[in-house]
Amino acid sequence: MLLQHPQTISGKHSVIRPGVWRLTAASCSFVLSTAAAVLIARTLGPGDFGIYMFVLWLATVAVPVVGVGMSMMTSRHMVEIQGREEPRLVAGIFYFVWKRQYGRILLYCLLYLLLAFPLSWFFGASAPVLLLFLAGLTALPLLLSGVAGITLRSLRRFDLLAIIHLFGAVTSLFLILIAIQLQGDQVGIFLLASAISGTLTLVAALLCIMRLQPMRQAMQPGTLLLDRLTRGLSNSLPLFTLDVIVWQRSEMLLLAHGHSSTELGFYALSSAISARVIDISPALLSTCVLPLLLRYVPGQRYTSASDAFVKTSLYVACLAIPLCIGAILICPTVISYCFGDAYLPVVTPLRILLISAAFGSVATVSLTHLADGDRKRAQIRLGTGAALLNI
């Protein structure tokens, strides 16, 4: 989250006004992706689901630092640069970043091939080498989709982004329904379905960009612009490392090595649910609450950055605390109904993680405030303390 904090930014300019259509599309995408995850968990059972989640995590955890523009900070920097340029130059920037991403993909593939066998040997049954290779296929479209997403955001085509996300959710659910009917290694089949879904979504995004931009008349960026792009595309390795330790479920490394795949599945599911809960309150604030306040309660406008930080933190806390308390109370019923009684041991770790999810939601405001102020040293100090405490 130090690298990929949600955009709950303190200021009127960052408030998202998506409208009914985009909110509906985003809600449908959320519901469909949740349904897909439920089907995978119910079909696999706790043991195989733990293997599925772990190999997928190993394959994608390094994507934000390897990929160009995959972290939130570098993505925002690229959007700001492209948003100020003419269409022909935007097309040229797209080609430049796309070609640069190819080099990163080759680096990722090389490192992944070198590490796949040692990781499989170290984690044993929790990470079979064949499943690691299949999981690696899901990271390739993810690396390229970041470039397409940056271009669409710079064009302010958030409607298309919502449609593309909805298309990806529908495709994923459709492929999973087909995969359930197939015979064989279900974990590998689901990983392959995830990779195909990501590839189809990437193709849809590229087709939209080709229609919107004069790609054949692309203009090569100048020397100064290339220098700004190169500096802005670099990701912070210290922040990435701290982000993995604190927010990206690094505990699964210990569970995968010293515990059964069933315990790994319980923890993976509980942490995935709590991570979704962390994102709900900031998303509701930026897309629903703040637009309504700015429209109907003019006196609630922020007067300064510190005032925005305090009020935004208070708003997120007012949303997150009741949400997490309600989730703690009803999670046994929800887990039993959605995933089956075999997943009821998830309730205890989930309740513990939901307590931290309330604090995590409020922390997104502080992390965003630090990132907006370009306080990298403060971010590193804060992340280091949290990482040491977590370890």
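In this predicted model, helices H4 and H5 pack against each other, with axes that come within 10 Å and cross at roughly 165°. An angle over 145° counts as roughly antiparallel, and H4 and H5 are therefore roughly antiparallel to each other. The crossing of H4 past H5 is right-handed. The contact of H4 with H5 is made by 23 nonpolar and five polar residues. No charged residue takes part in the contact of H4 with H5.

Helix H5 spans residues 129-154. Its packing against helix H7, residues 186-212, gives another arrangement. Here the angle is about 20° and the axes lie 9 Å apart. Because angles under 35° count as roughly parallel, H5 is roughly parallel to H7. The crossing of H5 and H7 is left-handed. By class, the contact of H5 with H7 holds 17 nonpolar residues and seven polar ones. Charged residues are absent from the contact of H5 with H7.

H5 also packs with helix H6, which covers residues 158-181. The axes of H5 and H6 come within 8 Å. They cross at roughly 145°. On the H5 side, the residues that meet H6 are Gly149, Leu152 and Arg153. On the H6 side, they are Phe158, Leu160, Leu161 and Ile164. By class, the contact of H5 with H6 comes to five nonpolar residues, one polar residue and one charged residue.

Individual residues add detail to this picture. Leu202 belongs to helix H7. Its relative accessibility is 9%. Buried means under 20%, so Leu202 counts as buried. Beyond its neighbours up to four places away in sequence, Leu202 touches Trp98, Pro141, Leu144 and Ser145. Leu202 and Val147 are 55 residues apart in sequence. In space, their C-alpha atoms are 9.9 Å apart.

Pro87 is found in helix H4, which runs over residues 87-123. Pro87 has a relative accessibility of 47% and counts as partly exposed. With residues up to four places away in sequence set aside, Pro87 touches Gln213 and Pro214. The sequence separation between Pro87 and Leu212 is 125 residues. Their C-alpha atoms are nevertheless 8.9 Å apart.

Further along the chain, Ser271 lies in helix H11, residues 261-296. Ser271 is buried, at a relative accessible area of 5%. Apart from neighbours within four places in sequence, Ser271 is in contact with Arg249 and Leu353.

Thr364 is placed in helix H13, which covers residues 347-372. The relative accessibility of Thr364 is 0%, so Thr364 counts as buried. Thr364 and Ser281 are separated by 83 residues in sequence. From C-alpha to C-alpha, Thr364 and Ser281 are 9.9 Å apart.

Ser336 sits in helix H12, residues 305-339. At 29% relative accessibility, Ser336 counts as partly exposed. Ser336 touches Asp341 and Leu344, with residues up to four places away in sequence not counted. Ser336 and Val346 are ten residues apart in sequence. Their C-alpha atoms are 9.9 Å apart in space.

These local results belong to a chain of 391 residues. The protein chain has 14 helices and zero strands. Read along the sequence, its pattern is α-α-α-α-α-α-α-α-α-α-α-α-α-α. Buried residues account for 48% of the chain. Contacts between residues at least 6 apart in sequence were also sorted by separation. Of these contacts, 82% join residues at least 24 apart. The accessible surface of the chain comes to about 19,000 Å². Carbon and sulfur atoms hold 69% of that surface.

Notes. Residues numbered from 1 in each chain as written. Predicted model: local features only at pLDDT ≥ 70, side-chain atom pairs only at ≥ 80, totals over all residues. Heavy atoms only, no water. Helix = DSSP H or I, 4+ residues; strand = E, 2+ residues; numbered from the N terminus. Buried < 20%, exposed > 50% of the residue type's maximum accessible area, 1.4 Å probe, protein only. Contact = heavy atoms within 4.5 Å. Areas by Shrake-Rupley, 256 points an atom, 1.4 Å probe, with all protein chains shown as cover. Axes fitted to C-alpha atoms, helices over the stretch in contact; angles between N-to-C directions. Parallel < 35°, antiparallel > 145°, perpendicular 65-115°, else oblique. Left-handed = near helix turned anticlockwise from the far one by under 90°. Nonpolar A, V, L, I, M, F, W, Y, C, P; charged D, E, K, R; others polar.
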